[in-house]
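Work through the exercises below with the structure open. Each one sets a task and then solves it in steps.

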Amino acid sequence: MTEKYILKKDHLQPFLRKLKKSHQLVAPVQNRHGDTLFTEIDNLDKVHIDLDNQPQNSLKRFFFPQQEVLFTYHNPARDSYYFETVADESAPTLYFGVRPCDMSALLYMDVVFLKNARDPNYLHKRQNNILVGLNCNEPFANCFCNATRNGPFIDFGFDLQLTDLGDRFLVEYDRSRGQEIISSWRQFFAEAAESDVKAQYQAFLEARGKFRLQVHLDQAVKKLAEDEVPESVWEELSMRCQDCGGCAYICPTCTCFTIRDQPISDSDGERVRAWDACTFSGFTLMAGDHNPVDRQMRGIEKRFRHKLQFDVKKDNRPSCVGCGRCVNICFGGTDIVRFINMTCCGNI
Amino acid sequence: MPSQLLELYLPKAAEIQEVIEENSQIKTFVLAFVDPEYNDGFSYEPGQFLMVSVPHCGEAPISISSTPVNRGTVHLSVRRAGKLTEAMHDMHKGDVLALRGPYGRPFPMASLVGRDLLFVAGGIGLAPLRSVINTCLATGHERSITILYGSRTPSDIAFKADLQAWGQRDNVSCQLTVDRAEPGWDGAVGLVTALLGHCTLAPHETKALLCGPPMMIRAVLGQLADRGFADQDIITTMERHMKCAVGICRHCHMDDKLVCKDGPVFTLEELKQLNVMELQG
């Protein structure tokens, strides 16, 4: 990838308007309460695309909804039990303003949902979409993607990647689809000058120096691998965790789910998949009340071990992307940053 | 999208051909897929499991208890334990439930050839081993087979027809024990480990296959280790809560392994690398 382009900020709105003709548009939008969330945009003129604040949600729900119907079941008589698939109506979508943490999380979800088996619902939503990323010039207060090594800038996974250079964006592409978009809408793009590329590098250097949190993630990974996390850390975490599941729901890489039947009538119903959390006591509970995991004591331990030990062992990288959302949401004080600090520095 | 993809979570209807009441808690359901073509093409290996759907009850993983040598039907032996299995117990011949699978890593059947075999089971734990035993017998396993089976009481003894048939084989020794005797019982009383203590075994030439409650597993493992069994010659099958059965939902996780995909069959050597409740006292 050598070609880099310039998209003037004045051209962003017209550019998105063009792409919106063929794609549903999802971007960070600040709502009237002041919250910034990735939102489906119907009318570009009526919303404020907010690229200054971190979206409170990730892209998770767009590819893996909090609840979705896998199929319907019908049992009109004891000798008749049949199923009907539900058409996935999701349209080709352009995801705009995706930061490196959320882009990396999506690449991780690809592994979860497509490696052991190809999950049809996920695959359908993942196909035919365009990913336009945005590098982070200004890491937010709880960000630590420098420690998880997937930010503040990213150079793969996207179709187009933007870097804010003041009155313009520097634009790169990773996949051929990105290149096609640029050639199709060439009127919006100018070739980048050497000074633009230098300005991007300068922005990257500055961004790297702006992280406010220092998170010794590598050290925690090492301690977990060597089984050197003191039992007192797990005790304190499980005591303080309020079992709300908020960390798992907000986390862009927490993908555990449950499947259950939702009756509609005596004879019909839906088989529903919904988000689950490994910190819940029922997560491993079997019929007859057998539970092979002491969830009260070990639930939160399983969560951190999964992200920082087992995924590292399997794929050689942790499955925390350093977005900091769990730090914002956890009122029990048992988010991943506090776990890492307790483990590595002995402080809370 | 290719239809095969859409069907990842979609079960296939199967009709109950027969219900065998093994004891007051366990029934064996003899099943055939409603679609005759699918039924003809259906195959599996001992140790694999099926996800069973019952209307309004969702799904649960159940070990296959029949041998794949007998084609045309598949057996699921089910203990009454929760909502779905209770509902199954209320089903009769001609009723339809639904299945998807088979899933999971089977028993390493090839490695059993030419070895003495020791099967130790407790209660419903005989179900997956029954699939192995009947497969070995049907394929002419010549070396000695020892089957030790523990039940709570004589009326809890399941798979009586199989036990009787196995006992009649020249190369099979089939021994039963119960925790608590009842009038008319003149067999052994006590744990399967007591039976195991009286068995003559050649540890270096024997593969041991276990399935049963965790307490039994721990006691048997201790004794097998004392008798010089190597960890890779001890094989068991794990039970976990499962939702997807295809390696995505992570309900059945054991450290970095997933029971639905990496198991349910594991050697003791593999289990010792993991933090497994069944092995902890």
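**Exercise 1. State how the domain assignment divides chain A, and how far apart the domain centres lie.**

Solution. This is a predicted model. Step one: read the bounds. Domain 1 of chain A covers 5-58 + 91-208, and domain 2 covers 217-345. Step two: take the centres over C-alpha atoms. They are separated by 28 Å. Step three: list the contact. Domain 1 of chain A contributes 26 residues and domain 2 of chain A contributes 23 residues.

**Exercise 2. Find the area buried between domain 1 and domain 2 of chain A, and the three residues that supply the most of it on the domain 1 side.**

Solution. The size of an interface is often given as the accessible area lost when the parts come together. Here the two domains of chain A bury about 1,900 Å² between them. Carbon and sulfur atoms carry 53% of that area. Now look at the domain 1 side. A:Tyr108, A:Asn142 and A:Phe144 supply 34% of the area it buries against domain 2, more than any other three residues.

**Exercise 3. Describe the polar side of this domain interface, then trace which elements of domain 1 touch domain 2 of chain A.**

Solution. Start with charge pairs. Between domain 1 and domain 2 of chain A there are 4 salt bridges. A:Asp102 forms a salt bridge with A:Arg325, with the closest N and O atoms 2.8 Å apart. Next, polar contacts: the rule finds 13 residue pairs across the interface, both residues at pLDDT 80 or more. Then the elements. On the domain 1 side, α3 (100-114), α4 (120-126) and α5 (145-148) of chain A each supply at least two residues. The largest share, 9 residues, comes from α3(A). Finish with classes: the side of domain 1 that touches domain 2 has 13 nonpolar, 9 polar and 4 charged residues.

**Exercise 4. Characterise the interface of chain B and chain A.**

Solution. Count first. In chain B, 43 residues are in contact with 47 residues of chain A. The chains bury about 3,900 Å² between them, 62% of it on carbon and sulfur atoms. In chain B, B:Tyr9, B:His56 and B:Ile248 lose the most area to chain A, together 18% of what that side buries.

Now the charges. The two chains share 3 salt bridges. A:Arg78 forms a salt bridge with B:Asp95, with the closest N and O atoms 2.6 Å apart. The rule also finds 21 residue pairs in polar contact across this interface, both at pLDDT 80 or more. Last, sort the chain B side by class: 22 nonpolar, 11 polar and 10 charged residues.

How values were computed
Residues are numbered from 1 along each chain as its sequence is written. Chains are lettered from A and ligands numbered from 1 in the order in which they are written. This is a predicted model: local features need pLDDT of at least 70, side-chain atom pairs count only at pLDDT 80 or more; totals for chains, interfaces and linings use all residues. Side-chain values use heavy atoms; hydrogens and water are left out. Contact means heavy atoms within 4.5 Å. Buried area is the accessible area (1.4 Å probe) that two parts lose on being put together, summed over both. A salt bridge is a side-chain nitrogen of Lys or Arg within 4 Å of a carboxyl oxygen of Asp or Glu. A polar contact is a pair of N or O atoms within 3.5 Å; within protein, one must be able to donate a hydrogen and the other to accept it, and residues adjacent in sequence count only if both atoms are side-chain atoms. Ala, Val, Leu, Ile, Met, Phe, Trp, Tyr, Cys and Pro count as nonpolar, Asp, Glu, Lys and Arg as charged, and the others, Gly among them, as polar. Domain bounds come from an automatic or database domain assignment. Helices (H or I, at least four residues) and strands (E, at least two) are DSSP runs, numbered from the N terminus.
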